[in-house]
Amino acid sequence: MCGRYASTRSPQELAPLFQVPDVPAKETLAPNWNVAPTDDVWAVLERAPRGEEDTGVVQRELRPLRWGLVPSWAKDVKAGARMINARVETVHEKAAYRRAFARRRCLLPADGFYEWEQIEDPATGKARKQPYFIHPEDEQVMALAGLYEYWRDPAIQQDDDPAAWLMTCTIITTEATDAAGRVHPRMPLALTPDHYDAWLDPRHQDPDELRALLGQPAEGHLQARPVSTAVNNVRNNGPQLLDERAA
């Protein structure tokens, strides 16, 4: 599972890394060291301009999406809080993700992600959960593999009202390895730059080929360091959350 991560790079930093031609001018997200479900997060995706869906022309965008995928058929947005992750083993089959996996894939830039290990507190002898920040050894941006979906708010009458549509996303996960595997059995999947184009292209729809593009974050070269339990509270934020603390 990936239930928290850090994403602190600006649009100006992310756009060239992902070959996005236009930096968002109005929609700006603040750096976030404690990204939690239902937060808005930066996503890289490709889609056809509105009204040009049949032309075959797609544009690469960097835009904010809400974390927690809401299927198009969901009755309300509450479903998204339970769909922050999609298992790679079944993502191409599950009703909630199948259509998005075929045509609506994205990349979610991250500095690293948090996982929790249950340990015994030496002071009390009781079990507690110790958070770890897991990140690439070289501190490069991770491109977490994700899916996105559109949800139509039935309370809004006009289709052309921007408020009528909500775009949400989920992170694809797999069995954990390397540093992450010592902390938690699941971890997010990622892509290397040479696979960005194929993953983002909505015309690329072969499930086996798509799943073959996915790999371990930082190709397995990860470090995990214990951090403060302050990250447990979604209200806490700031670079101090990444400081190493004794476990």
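Is Tyr150 buried, partly exposed or exposed? Tyr150 is partly exposed, because its relative accessibility is 24%. The views below come from a predicted model.

**View 1. Tyr148 and Tyr150 pair edge-to-face.** The ring centres of Tyr148 and Tyr150 are 5.9 Å apart. Their planes meet at 75°, so the pair counts as edge-to-face. Tyr148 is buried, at 2% relative accessibility. Tyr150, at 24%, is partly exposed.

**View 2. Phe101 and Trp199 bring two helices together.** The structure holds 6 aromatic pairs. In one of them, Phe101 and Trp199 sit edge-to-face, 6.0 Å centre to centre, with 70° between the planes. Phe101 belongs to helix α2 and Trp199 to helix α4, so the pair ties together parts 98 residues apart in sequence. Both Phe101 and Trp199 are buried.

**View 3. Arginines lie over tryptophan faces.** Arg105 lies over the face of Trp199, 5.5 Å from the ring centre. Arg152 lies over the face of Trp165, at 5.8 Å from the ring centre.

**View 4. Strand β8 pairs with β7 and with β12.** Strand β8 spans residues 127-136, and 7 of its 10 residues are buried. With β7 (residues 112-120), β8 pairs in the antiparallel sense over 8 bridges. Here Gln118 stands opposite Lys129. The two strands form a hairpin with 6 residues between them. In the turn, Gly125 has a positive phi of about 80°. With β12 (residues 222-226), β8 also pairs in the antiparallel sense, over 5 bridges. Tyr132 stands opposite Pro226 in β12.

**View 5. The largest nonpolar core has 30 residues.** Phe18, Leu107, Leu147, Ile172 and Trp199 have the most contacts inside this core. Elements that each supply at least two of its residues include α1 (11-17), β3 (40-47) and β9 (142-152). A second, separate core has 25 residues, among them Val35, Ile84, Tyr132 and Leu144. In soluble globular proteins, nonpolar side chains tend to be buried together.

**View 6. Phe18 and its contacts.** Leaving aside neighbours within four places in sequence, Phe18 is in contact with Val44, Arg60, Leu107, Pro109, Val141, Ala143 and Tyr196.

**View 7. Cys2 and Cys169 stay unbonded.** The count of disulfides is 0. Why is Cys2 without a bond to Cys169? The sulfur of Cys169 is the closest cysteine sulfur to that of Cys2, yet it is 11 Å away, too far for a bond. Cys169 is in no disulfide either; its nearest cysteine sulfur, in Cys106, is 5.5 Å away. Cys2 is buried, at 0% relative accessibility. Cys169 is buried too, with a relative accessible area of 0%.

Conventions
Residues numbered from 1 in each chain as written. Heavy atoms only, no water. Buried < 20%, exposed > 50% of the residue type's maximum accessible area, 1.4 Å probe, protein only. Helix = DSSP H or I, 4+ residues; strand = E, 2+ residues; numbered from the N terminus. Pairing = 2+ DSSP bridges. Core = buried A, V, L, I, M, F, W, Y, C linked by side-chain atoms within 4.5 Å. Contact = heavy atoms within 4.5 Å. Disulfide = S-S within 2.5 Å. Phe/Tyr/Trp six-rings, centres within 6.5 Å; stacked < 30°, edge-to-face > 60°. Lys NZ or Arg CZ within 6 Å of the ring centre and 35° of its normal.
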